[in-house]
Amino acid sequence: MASAPTDHRTDLVERFFRGTGSTYDFMVHAATFGIDRLWKRRMVRIVRERVGTPRAILDLACGTGLSTFAFARANPNCRIVGVELRDEYLQRARAKCRGGRYPNVEFVLSRAEAFETTERFDVVSGSYLAKYADLPPLVEQLVGAQHAVPLLVPGGLFMMHDFTLPPHRAALAVWRAYFWLLQTIGSRLFPSWKAIYEGLPELIQRTRWTSELTALLRERGFQDVTFEWQTLWGSAIVTARSPRR
Ligand SMILES: C[S@@+](CC[C@H](N)C(=O)[O-])C[C@H]1O[C@@H](n2cnc3c(N)ncnc32)[C@H](O)[C@@H]1O
């Protein structure tokens, strides 16, 4: 198991997520009005359309396993590995596998950028990781520049989904009103989520994950780099295929 060194990124993740594990599943559904489920469904469909029946999927920053189990349900014969930085969330994910449920799923405690394995995956995915991640080493890891074994098979699918700042005025106004409500009412109802409600809008405004990631992927020889807006331009999915050589 790789260790998770502390830096400003992991400090931020700890500040945002500390003490939220028990309410995460409820909150992600409630705070997105159930739209998170549609985004997960879209990611599952992208895998089916572009890969068919994958042999192995790696889910980076798997949290309590919502994304991991969405892949597992759609691909019962596929090995699925979920990697997560925080033990609090990983314990919740592992608890959902008790009693022999999801025998094809394994969870590993590791920072995504430091995850090492001898396995190779047909799909490497991450939902809500990109804005926290150190993207250059993450992309290098996929093709094996820093590690002996690349995470992706040649031609494998890389897919990242995360929040974005809506580029249109009306959608941006809805986005601001939404976070204002979370900060004023949500924080009072769910104090353990206050740090996220307050910090997330600023992080989303600051991150350049879509442009940074697509540029890095192209530089590294990835093919078929695609960008797809999701609901109200509030999130996006970037996909690419690893170099075939
Ligand atoms: C909002 S949750 C998303 C969980 C899951 N992917 C989902 O879609 O529900 C974000 C998760 O990313 C984890 N995380 C953030 N940065 C990470 C990193 N560099 N490596 C691994 N996990 C990370 C956090 O600990 C948190 O559990």
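**Figure 1. The ligand and its shell.** In this predicted model, 21 residues surround the ligand, and the closest are K40, A61, E84, A112 and E113. A residue belongs to this shell if one of its heavy atoms lies within 4 Å of the ligand. By residue class, the shell divides into twelve nonpolar, four polar and five charged members. Here Ala, Val, Leu, Ile, Met, Phe, Trp, Tyr, Cys and Pro count as nonpolar, Asp, Glu, Lys and Arg as charged, and the others, Gly among them, as polar. Two helices, α1 (8-17) and α4 (66-74), each supply at least two residues of the shell. Helices (H or I, at least four residues) and strands (E, at least two) are DSSP runs, numbered from the N terminus.

**Figure 2. Polar atoms around the ligand.** Look for A61, where a backbone N or O atom lies 2.8 Å from a nitrogen atom of the ligand. A112 also takes part through its backbone, with a polar atom 2.8 Å from a ligand nitrogen. E84 uses its side chain instead: one of its polar atoms is 2.5 Å from an oxygen atom of the ligand. With these neighbours in view, note that the protein covers 97% of the 600 Å² of accessible area that the ligand has on its own. Such areas come from the Shrake-Rupley method with a 1.4 Å probe; for residues, only the protein chains shown count as cover.

**Figure 3. Helix α4, beside the ligand.** Having met α4 as a contributor to the ligand shell, you can now look along the helix itself. Seven of its nine residues are buried, so α4 is mostly covered (buried means under 20% relative accessible area, exposed over 50%, partly exposed in between, with a 1.4 Å probe and protein chains only). The buried ones are L66, S67, T68, F69, A70, F71 and A72.

**Figure 4. The end of β4 and the loop after it.** S127 sits in strand β4 and is buried, at 5% relative accessibility. Its side chain is joined to that of H161 by a polar contact of 3.3 Å. A polar contact is a pair of N or O atoms within 3.5 Å; within protein, one must be able to donate a hydrogen and the other to accept it, and residues adjacent in sequence count only if both atoms are side-chain atoms. Y128 lies in the loop between β4 (121-127) and α6 (135-143). Although Y128 is not a glycine, its phi is positive, at about 70°. Y128 is buried, with a relative accessible area of 10%.

**Figure 5. D224 in strand β6.** Here is another residue other than glycine with a positive phi: the value for D224 is near 50°. D224 is found in β6 (residues 223-229) and is exposed, with a relative accessible area of 52%.

**Figure 6. Two buried tryptophans.** W39 belongs to helix α3 (residues 35-50) and is buried, at 7% relative accessibility. Its C-alpha atom is 8.9 Å from that of S235, although 196 residues separate the two along the chain. W193 lies in the loop between α7 (169-189) and α8 (194-206), and is buried with a relative accessible area of 5%. The C-alpha atoms of W193 and T23 are 9.1 Å apart, with their positions 170 residues apart in the chain.

**Notes for all views.** Residues are numbered from 1 along each chain as its sequence is written, and side-chain values use heavy atoms, with hydrogens and water left out. Local features need pLDDT of at least 70, side-chain atom pairs count only at pLDDT 80 or more, and totals for chains, interfaces and linings use all residues.
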